[in-house]
Amino acid sequence: YDLEISHALLDTGSDVSHISENIANHFIKYFGLKIDRKKVYRLTGAVGEKQSIRSFSDIPVTIGVGNDTLIISDEFSVLPTEKNNN
């Protein structure tokens with residue numbers, strides 16, 4: 001039940017991490033993670049002007065290569081999934 005994302009963008013200057021709604025749905029379905037529908041944020045910056053639709057708290061994230069790993073917990077805001085055909 002591990003979800004491996006082989007490549008990711010890590011923005012250490014961000015106030016909050018964010019994921020798209022379709023990935024959040026996998027977290028709920030496969031890991032049974034609880035979601036907070038009342039905890040939403042108005043986000044600005046690299047994502048433009050967005051409104052989160054819910055949040056996860058204390059999601060464990062493993063960063064590393066081989067046996068050299070670090071596990072941290074973070075909060076993730078969930079953004080609505082938008083498809084851009086351009």
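Helices (H or I, at least four residues) and strands (E, at least two) are taken here as DSSP runs, numbered from the N terminus. On that basis, the secondary structure of the protein chain comprises 1 helix and 5 strands. The model is predicted.

## Overall architecture

From start to end of the sequence, the elements follow the pattern β-α-β-β-β-β. The protein chain has 86 residues, of which 17% are buried. Its exposed area is about 7,100 Å², and carbon and sulfur atoms supply 50% of that area. Among contacts with a separation of 6 or more, 49% are between residues 24 or more positions apart.

## Strand pairing

Strand β5 takes part in two of the pairings described here, one with β4 and one with β1. The pairing of β4 and β5 is antiparallel and extends over 10 bridges. These two strands form a hairpin with 2 residues between them. Glycine 66, in the turn of this hairpin, has a positive phi of about 60°. Within the pairing, isoleucine 63 stands opposite leucine 70 in β5, and valine 61 has isoleucine 72 of β5 as its bridge partner.

Strand β1, residues 17–20, pairs with β5 in the parallel sense over 4 bridges. Serine 20 has leucine 79 as its bridge partner in β5.

A further backbone feature concerns aspartate 58, which is placed in strand β4. Aspartate 58 has a positive phi of about 55°, although it is not a glycine. With a relative accessibility of 62%, aspartate 58 lies over the 50% cut-off and therefore counts as exposed.

## Salt bridges

The structure holds 2 salt bridges, listed below with the distance between the closest N and O atoms.

| Basic residue | Acidic residue | Closest N and O atoms |
|---|---|---|
| Arginine 54 | Glutamate 21 | 3.5 Å |
| Lysine 39 | Glutamate 75 | 3.7 Å |

The salt bridge between glutamate 21 and arginine 54 links distant parts of the chain, its two residues being 33 residues apart. Glutamate 21 belongs to helix α1 (residues 21–31), whereas arginine 54 belongs to strand β4 (residues 54–65). The relative accessibility of glutamate 21 is 25%, so this residue counts as partly exposed.

In the salt bridge of lysine 39 with glutamate 75, lysine 39 comes from the loop between α1 and β2 (42–43) and glutamate 75 from strand β5 (residues 68–79), so the pair ties together parts that are 36 residues apart in sequence.

## Surroundings of arginine 54

Is arginine 54 buried or exposed? Its relative accessible area is 7%, and because this is under the 20% cut-off, arginine 54 is buried. The side chain of arginine 54 makes a polar contact with the side chain of glutamate 21 at 3.5 Å. A polar contact also joins the side chain of arginine 54 to the side chain of asparagine 25, at 3.3 Å.

Neighbours within four places in sequence being left aside, the residues in contact with arginine 54 are Glu21, Asn25, Ile35, Asp36, Arg37, Lys39, Val40, Phe76, Ser77 and Val78.

## Surroundings of lysine 39

Lysine 39 has a relative accessible area of 30% and is partly exposed. With neighbours within four places in sequence again left aside, lysine 39 is in contact with Arg54, Ser55, Ser57 and Glu75. Lysine 39 is therefore in contact with a residue of each salt bridge: Arg54 and its own partner, Glu75. From lysine 39 to serine 52, the C-alpha to C-alpha distance is 8.6 Å, with 13 residues of separation in sequence.

## A nonpolar surface patch

Which residues form a nonpolar patch on the surface? The patch consists of Ile63, Leu70 and Ile72, which together have about 250 Å² of accessible area. Leucine 70 lies in strand β5. Its relative accessibility is 52%, so leucine 70 counts as exposed. Two members of the patch, isoleucine 63 and leucine 70, also stand opposite each other in the pairing of β4 and β5.

In a regular strand, the side chains alternate between the two faces of the sheet. The patch member isoleucine 72 is the bridge partner of valine 61.

Technical notes:
Residues are numbered from 1 along each chain as its sequence is written. This is a predicted model: local features need pLDDT of at least 70, side-chain atom pairs count only at pLDDT 80 or more; totals for chains, interfaces and linings use all residues. Side-chain values use heavy atoms; hydrogens and water are left out. A salt bridge is a side-chain nitrogen of Lys or Arg within 4 Å of a carboxyl oxygen of Asp or Glu. Buried means under 20% relative accessible area, exposed over 50%, partly exposed in between (1.4 Å probe, protein chains only). Patches are made of residues with over 30% relative accessible area and no salt bridge: like charges are joined within 9 Å, nonpolar side chains (Val, Leu, Ile, Met, Phe, Trp, Tyr) within 5 Å. Accessible areas come from the Shrake-Rupley method with a 1.4 Å probe; for residues, only the protein chains shown count as cover. Two strands pair if DSSP finds at least two bridges between them. A polar contact is a pair of N or O atoms within 3.5 Å; within protein, one must be able to donate a hydrogen and the other to accept it, and residues adjacent in sequence count only if both atoms are side-chain atoms. Contact means heavy atoms within 4.5 Å.
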